[in-house]
Amino acid sequence: MTKPGIKMQAGDSGYEALISGDWTLPFAAGLEQQISVARKYSPDTTGKLNLSDLKSLDTTGGLLLLRLLGGVTPDGLAEKLIGTSSNHLLLLRTICEALQQESHPRRPKSQGIDKMFDRTGRWAVDTWTQVRVLLHFVGVVIVTTVRNLLQPWRMRWTSLVYHIEHVGLDAVPIVSLLSFLVGGVIAFLGATILRDFGAQIYTVELVGYAFFREFGVLLPAILLAGRSGSAFTAQIGSMKSNEELDALKTLGMDPICVLVMPRVVALLIMLPMLSFGSMMMGLIGGGVVSALILDISPGMFAARIYEYTSINHFWVGICKAPVFAFMIAIVGCLEGFKVTGSAESVGRHTTSSVVQSIFLVLVADSMFAVFFEQLGI
Amino acid sequence: MSTSASQIHTDSDRENVIEVRGLVNRFGENLVHDDLDLDVRRGEILGVVGGSGTGKSVLLRSIVGLLKPTAGDISLFGQPQAQVLAEYEQGKNIRYGVMFQDGALFSSLTVRENIKLAISEHFDISDDLLHPLSCMKISLVGLPAHSATLYPSSLSGGMRKRAGLARALAMEPELLFLDEPTAGLDPVSADGIDQLLRTLRDTLGLTVFLVTHDLDTLHAICDRIAVLAEHKVLTVGPLDEVAQYDHPWVQEYFSGPRGRIVTSQYTDA
């Protein structure tokens, strides 16, 4: 590879530029500077290019040569060039023709206060649209679910079992471990605070209340939002961007029925079950810690739970599970349907699905807390 | 095909840009290539044809190093493939471009950004030059100017192919691999792509490895045609020689109803 160069000299009419070396992409940065210097030296467009020393030329080099020449039409190209080979002329002509087509202007960057109003307005309208879309989707899913329950043979059983396994069974180890640990932590908390009052025996009630009413449901719900909600979004989203959803429709199958129903039903079945498991593991965790640091024997722990913790607490907790399950599944699937084309969009909606479902679960949980408080349960 | 072009480009003294020797590709029980040999000469347009599942794309992927063959030697530009790939990993000496079947554009970037990506990664070029450069490539492949700011998801299939071609040309390669460049395009656009490839070959001395089923493309621009069948390259040569080759698939391909229409058009002209 030889370094390219430009040498300006006076010709018969205006300047003549002697072009030498390789005018190729690797040299483009240097050439660009040389050209701006040369153009300053001779700003008129009456000059000619002498290409007899030009070694090799690619499209980048061609573009630079045309830039050096200034405005030129494909037909007027030949007379501006001296000593050019037919291949180089053909290439320059092709580039010149390509440049003739109107080039797209760079988008001006608007800034300032109007942009801020613009963004705020868009955000407001967008949020309202999202809420309406969510409500519409909930409606469609409920209608489809009811129709499916009336015609159970139309339910996709294979798909349902598959999702039950992935959503529920596969989540058992992580949910159990986490609940066990949190149960232990709550027992520690109780031990530390209640010991000052000589009431450490109430640690048992603390763990029981906490797990039956709140943590037994919240822990698996948050885990499933991260684990399964995101998976739903990514699965449906990549199908959407691959036009598989459109393909389903053209084959006379309803994506809601084929894809959303099994996922919603699987979560509706599995979240209450996981919640029950989580409650049990939380109690075991609390029991272990109590036995180790509070000298409350496991038998005593079990007896106290049995006698002093009302079954109502269990019902309060477990009745929230289907509600959370529905929210997680709906948000996960809906975000999948919102995906457009790109891989980036799949990522964005997956994130949004997890954030939204955890947010909704926690908001709903606090509303439940107020509700049950008012009922006095 | 014009006679002068065929005389120049079938010259067997040219150096080989690609040399494939004894290539074997096997996926489990499925044998795709068995002891396959192929040469591609500098400055030629080689068309690769073959029935579905004969391993045209697998051959392309083996040559560009996306697939490690079970056995066999491949050399590119007279160097062993491993050496060329090692340079690629360091981002040096990018000498070939690949256009994938459906474009394989980066979906989170606009068409212009897709083209600019590799150039600005490897070369220190100002935006003042990069912008007209990408505009030029876009109109070179026949895309309308406004498509520069569009994302791949809003392009039609044919436009995606063109954008993929523009991206393959971005690094000014000497060797171009094209997987079905004209499939799914309307005849006018396909003709435009053919013209463009020929111009680029003639002006830049580009070597083109072309997987295609388009008989028009084979007639119009390919200097030689390689037929893949029975796990190897059955025959290589100019179209008229290959069309005479005595093998049921080849005869079916070139003398079937579609083949005959095209052949008669070209002999009439």
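**Exercise 1. What is the area buried between chain B and chain A, and what percentage of it do carbon and sulfur atoms give?**

Solution. Keep in mind as you work that this is a predicted model.

Step 1: Start with the total. Chain B and chain A bury about 2,600 Å² between them.

Step 2: Look at the atoms. Carbon and sulfur atoms give 66% of that area.

Step 3: Find the residues of chain B that lose the most area to chain A. They are Leu129(B), Met136(B) and Thr203(B), which together make up 21% of what that side buries.

**Exercise 2. Describe how chain B touches chain A, from residue counts to helices.**

Solution.

Step 1: Count the residues in contact. Chain B brings 31 residues, and these meet 29 residues of chain A.

Step 2: Check for pairings across the interface. The count of salt bridges between the two chains is 0, while 8 residue pairs are in polar contact, with both residues at pLDDT 80 or more.

Step 3: Locate the helices of chain B that take part. Helix H4 (111-122), helix H5 (127-140) and helix H7 (187-204) each supply at least two residues to the side that touches chain A. Of the contributors, H5(B) gives the most, with 11 residues.

Step 4: Sort that side of chain B by class. You should find 14 nonpolar, 10 polar and 7 charged residues.

**Exercise 3. Work out how helices H12 and H13 of chain A are arranged.**

Solution.

Step 1: Find H12(A) at residues 311-318 and H13(A) at residues 320-338. Their axes lie 4 Å apart, at an angle of about 10°.

Step 2: Interpret the angle. Because angles under 35 degrees count as roughly parallel, H12(A) is roughly parallel to H13(A).

Step 3: Name the residues in the contact. H12(A) uses Val316(A), Gly317(A) and Ile318(A), and H13(A) uses Lys320(A), Ala321(A) and Pro322(A). By class, they are 4 nonpolar, 1 polar and 1 charged.

**Exercise 4. Explain how Asp118(A) and Arg122(A) are placed in their helix.**

Solution.

Step 1: Over all chains, the structure holds 19 salt bridges. One joins the side chains of Asp118(A) and Arg122(A), at 3.1 Å from N to O.

Step 2: Both residues belong to helix H5 (residues 113-150) of chain A, 4 residues apart, so about one helical turn separates them.

Terms used: Residues numbered from 1 in each chain as written. Chains lettered and ligands numbered in written order. Predicted model: local features only at pLDDT ≥ 70, side-chain atom pairs only at ≥ 80, totals over all residues. Heavy atoms only, no water. Contact = heavy atoms within 4.5 Å. Buried area = accessible area lost by both parts, 1.4 Å probe. Salt bridge = Lys/Arg side-chain N within 4 Å of Asp/Glu carboxyl O. Polar contact = N/O pair within 3.5 Å; in protein donor to acceptor, adjacent residues only side chain to side chain. Nonpolar A, V, L, I, M, F, W, Y, C, P; charged D, E, K, R; others polar. Axes fitted to C-alpha atoms, helices over the stretch in contact; angles between N-to-C directions. Parallel < 35°, antiparallel > 145°, perpendicular 65-115°, else oblique.
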